[in-house]
Amino acid sequence: MDEHNIQDDDKDKEALAGLSSVPPPQRKMHSYSQQLRANSAHKRHHQVRKHSLDDIPKPSDHYYNNEDSSDDDIFARNSNNASGEDYIITHSQRLDQNLSLDSGCPPDDSRNFQPLPEFVGAGGTNGIFKVPMRATVHPRRPPCLELRPHPLRETQVGKFLRNIACTDKQLWAGQECGVRFWRFQDAYQPGLGTKVRRGDEDAAPFQESGNTAPTICLLVDSANRLVWSGHKDGKIRSWKMDHAADEPSPFKEGLSWQAHRGSVLSIVMSSYGDLWSGGEGGVIKIWPWESIEKSLSLRPEEKHMAALLVERSFIDLRSQVTVNGNCSISSSDIKCLVSDRVRAKVWCAQPLSFSLWDARTKELLKVFNIEGQTENRVDMPSSDQGGAVEDEMKVKFVSSSKKEKSGGFLQRSRNAIMGAADAVRRVATRGAGAFAEDNKRTEALVLAADGTIWSGCTNGLLVQWDGSGVRLQDVSHHPCAVQCFCAFGARIYVGYVSGMVQVMDLEGNLVAGWMAHNGPVIKLAVGDGYIFSLATHGGIRGWSISSPGPIDSLLRTDLAEKQPIYSRQDNVRMLVGTWNVGQGRASQEALMSWLGSVVSDVGIVV
């Protein structure tokens, strides 16, 4: 019996001697939440990964990070890290090491303890959420002029801004209930506060018109000192530029008339002073300058007569190129009109085609598609749009030249064959290639300083054309849809649906880009040394035409130093909780017992 006990004691001593003298690692006193992943079982958790914040690339001075939110909101993003490691791991001293240092005992280096890794959300491009920026001035975009800060959405019902245009002294905006304008000299003045409706308390002082139908497009007429506006009710209205600062608001419209049955989608002034307007169904009308000039010269009491004079003087271009109910231009809505005053031409952009017109003779010069191919085809009226395939085969070539109409049999046969081939191609693209063409729909058009035309598509493609409609090149710098253009000097500004604004040179090379808004940029305008951008939520910001440049860093530093002058810090207590009881919804009594005792001590409950 004693021998068995002695043998058991010897075995226990050997087992104890074989144990490592290294104590088990201490548990962390603080826990950091992390995302559970399917491949987490294959990771070696004891391996310590070292990442440094210095390894994160810093944005350059001339190109700003295009993944930062404009208004510092938090957005979920997809991780592109190939290793699957979406968190930065930092090291912290263990509690027992801190205690040993406090007690005066030197740490035992021979043990080489490895603390458990701490998983901390990266907050950069590796994390699943974007950590909001909290700098005085956004470090990844140029300093901007907040002409109208982002208003709350609920304050903009029926009042959303839809367009902007700049005169030499003002910025005009078209809204759902009329128009308004800001004077550049008042851009840095404080807001009117409670004197204006909600949403405009912090905006620079402005003047507003009376209520009208929603404004869709604006045109600045510097020669007549007027701003023309096209509206959803089909009317074109004029507004005087020169308003006194003490003039009572709302101000009234000037000359107006019924221009289209549907909405007026775009207006432009040709090199001959004629007003061109495009509407729904591919309708293009011209309002001669003679009738407009005569109407503007009439007295205010003769306003009705002036409107009738303009209404009866229009020229319907679509009817001029329509024969036997078939039209040689598309019946889709007009996206935009651009006047080439040097070549005396007017460009008309529709989603999948372009038409080029002579501004003097009002004749159709060319019809071509988004690929640059000339189309010798005719479209059926808008009422037959989207009909059967048989309707597409009813093709007849129509020429605006009377000489060609009287051509010989061979010429007519050639034109008919070309038209039929074009119709077959269009029918074929409605099958497999319909989605591809839909991705290339034209959304914006602009005339550059060198005389070339740039068009923007829904897939982010930027296409350059010469003055005769020949496709020169196409570039793509951003995968999102193009919403608007603005040309100034040797630069072309592009606004995207993602909120990005990019700057290109005349050759299409990317110069700079930054996240201008946290919503789509729907319009750009240049005035008073700024490029103003309008976001779909109604916010307006001005960007210096010298940006990006050395002045940006100087302004950023100066604004950071003067932050206490124009900023205020508020402390807010938040309570964040999760109701997770059997996947059931919390009742009113349960919520009261859970939150009732602490709600009075916090400002925000999440």
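This passage looks at one helix and a run of paired strands in a predicted model.

Helix 3 covers residues 289-297, and three of its residues, S291, I292 and S295, are buried. Their directions span an arc of only 100° around the axis, so they end up on the same side of helix 3. That fits the usual geometry: an α-helix has 3.6 residues a turn, so residues three or four places apart point the same way. K294 and S297, on the other side of helix 3, are exposed. As for what the buried residues pack against, the partners are strand 9 (226-231), strand 13 (275-279), strand 14 (284-287) and helix 4 (303-311).

Further along the chain sits strand 23 (residues 453-457), where five of the five residues are buried, so the strand is largely enclosed by the rest of the structure. I453, S455 and C457 point one way, W454 and G456 point the other way, and all are buried. In a regular strand, side chains alternate between the two faces of the sheet.

Strand 23 has antiparallel neighbours. Five bridges tie it to strand 22, with T442 partnering C457. The hairpin of these two strands has five residues between them, and G451 takes a positive phi near 90° there. Four bridges link strand 23 to strand 24 (residues 461-465), where Q464 is the bridge partner of W454. This hairpin has three residues between its strands, and G460 in the turn has a positive phi of about 90°.

Back in strand 22 (residues 442-447), E443 is partly exposed, at a relative accessible area of 21%. E443 touches K335, G456, T458, V482 and Q483, and its side chain makes a polar contact with that of K335 (3.2 Å). Although E443 and Q483 are 40 residues apart along the chain, their C-alpha atoms are separated by 6.0 Å.

Terms used:
Residues are numbered from 1 along each chain as its sequence is written. This is a predicted model: local features need pLDDT of at least 70, side-chain atom pairs count only at pLDDT 80 or more; totals for chains, interfaces and linings use all residues. Side-chain values use heavy atoms; hydrogens and water are left out. Buried means under 20% relative accessible area, exposed over 50%, partly exposed in between (1.4 Å probe, protein chains only). The arc is that of the directions from the helix axis to the C-beta atoms. Contact means heavy atoms within 4.5 Å. A polar contact is a pair of N or O atoms within 3.5 Å; within protein, one must be able to donate a hydrogen and the other to accept it, and residues adjacent in sequence count only if both atoms are side-chain atoms. Two strands pair if DSSP finds at least two bridges between them.
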